[in-house]
Amino acid sequence: MRSDSASAADGPESRFEEFYTRCFPSVSRTLAVLTGDTRTADDCAQEAFLLAKHRWNELATYDKPEAWVVKVALRKLRRDQRPREQPLDVSDLDTIRTRINDHAEDIVLRDELYAAVRSLPQRRAEVVALHDLGGHSISEVASILHIADSTVRSHLTHAHQHLHRLLSTSDVATQGESHEPE
């Protein structure tokens with residue numbers, strides 16, 4: 001016979017907490033790639049998870065409840081960005097970058113990649129963020145964005161080509177290369 005504490009530990013509340021702990025970082029990171037703003041990303045992700053908690057009994061039966069959360073978070077993000085879309089202020093990036101130590105090159109590279117992803121058209125940026133950075137399969141991305149698998153593949157192909165051109169011409173992409181003759 002199970003004790004009350006054992007059944008409480010296996011209850012819907014604890015399963016949601018496990019789901020949240022496992023999935024929140026990925027959802028937030030995906031949104032941060034699209035916004036360049038971790039606070040906005042965290043806020044949208046938190047709101048999506050709050051809705052998920054209220055619907056957890058239903059969502060727990062889904063094959064991929066994380067896909068539902070990502071879809072809700074993306075909708076929230078789009079709604080929040082509509083009224084005040086503004087170009088990225090380059091002076092702010094310069095200020096931020098001067099605070100980054102030289103030994104944190106991975107942070108600079110990540111910033112460059114995220115900025116490059118944000119330079120893509122919105123749908124392509126979403127596809128790259130969900131698939132390449134969020135780890136979702138092509139079919140999951142198609143389901144989240146309500147588009148065909150072939151459309152996801154097309155967006156990925158074009159986005160990868162653009163990102164390759166953009167990042168291979170950036171100074172960051174060539175910093176580690178030696179230009180000395182062999």
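This briefing describes the fold, core, aromatic pairs and selected residues of the structure above.

The model is predicted. The protein contains 11 helices and zero strands, and its order along the sequence reads α-α-α-α-α-α-α-α-α-α-α. Of its 182 residues, 35% count as buried. Among contacts between residues at least 6 apart in sequence, 62% join residues at least 24 apart.

**Nonpolar core**

- The largest nonpolar core has 42 residues, of which V27, L31, F49, V69 and L74 touch the most other members.
- At least two residues of this core come from each of helix 2, helix 3, helix 4 (56-59), helix 5 (65-81), helix 7 (105-118), helix 8 (122-133), helix 9 (138-145) and helix 10 (149-168).
- Helix 2 gives the most to this core, namely nine residues.
- In soluble globular proteins, nonpolar side chains tend to be buried together.
- Residues up to four places away in sequence aside, V69 touches F19, V27, A48, F49 and A52.

**Aromatic pairs**

- A pair of aromatic rings is described by the distance of the centres and the angle of the planes.
- The protein has eight aromatic pairs.
- In one of them, the ring centres of F24 and F49 are 5.8 Å apart and the planes stand at 55°, so the pair is tilted.
- Because F24 belongs to helix 2 (residues 12-35) and F49 to helix 3 (residues 38-54), this pair ties together parts that are 25 residues apart in sequence.
- Both F24 and F49 are buried.
- One aromatic cluster is formed by F16, F19, Y20, F24, F49 and W56.

**Packing of helix 3 and helix 5**

- The axes of helix 3 and helix 5 are 8 Å apart, and the two helices pack at an angle of about 130°.
- At that angle, helix 3 is oblique to helix 5.
- The crossing of these two helices is right-handed.
- On the helix 3 side, the contact is made by T40, C44, A45, E47, A48, F49, L51 and A52.
- On the helix 5 side, the contributing residues are W68, V69, V72, A73, K76, L77 and D80.
- F49 and V69 thus appear both in this contact and among the core residues that touch the most other members.

**Helix 9 and its surroundings**

- The buried residues of helix 9 are E140, V141, A142, I144 and L145.
- These buried residues are covered by elements that include helix 5, helix 8 and helix 10.
- H146, just after helix 9, takes a positive phi of about 60°.

**A buried and an exposed residue**

- V70 is found in helix 5.
- With a relative accessible area of 2%, V70 lies under the 20% limit and is therefore buried.
- Apart from neighbours within four places in sequence, V70 is in contact with V27, L130, H136 and I144.
- One of these partners, I144, is a buried residue of helix 9.
- V70 and S26 are 44 residues apart in sequence, while their C-alpha atoms are 9.3 Å apart in space.
- R22 lies in helix 2.
- The relative accessible area of R22 is 59%, over the 50% limit, so R22 is exposed.
- The C-alpha atoms of R22 and E66 are separated by 9.7 Å, although these residues are 44 residues apart along the chain.

How values were computed. Residues are numbered from 1 along each chain as its sequence is written. This is a predicted model: local features need pLDDT of at least 70, side-chain atom pairs count only at pLDDT 80 or more; totals for chains, interfaces and linings use all residues. Side-chain values use heavy atoms; hydrogens and water are left out. Rings of Phe, Tyr and Trp (its six-membered ring) pair if their centres lie within 6.5 Å; planes under 30 degrees apart count as stacked, over 60 as edge-to-face and the rest as tilted. Helices (H or I, at least four residues) and strands (E, at least two) are DSSP runs, numbered from the N terminus. Buried means under 20% relative accessible area, exposed over 50%, partly exposed in between (1.4 Å probe, protein chains only). A nonpolar core is a set of buried Ala, Val, Leu, Ile, Met, Phe, Trp, Tyr and Cys residues joined through side-chain atoms within 4.5 Å. Contact means heavy atoms within 4.5 Å. Axes are lines fitted to C-alpha atoms, for helices over the stretch in contact, and angles run from 0 to 180 degrees between N-to-C directions. Angles under 35 degrees count as roughly parallel, over 145 as roughly antiparallel, 65 to 115 as roughly perpendicular and the rest as oblique. A crossing is left-handed if the near helix is turned anticlockwise from the far one by less than a right angle, and right-handed if clockwise.
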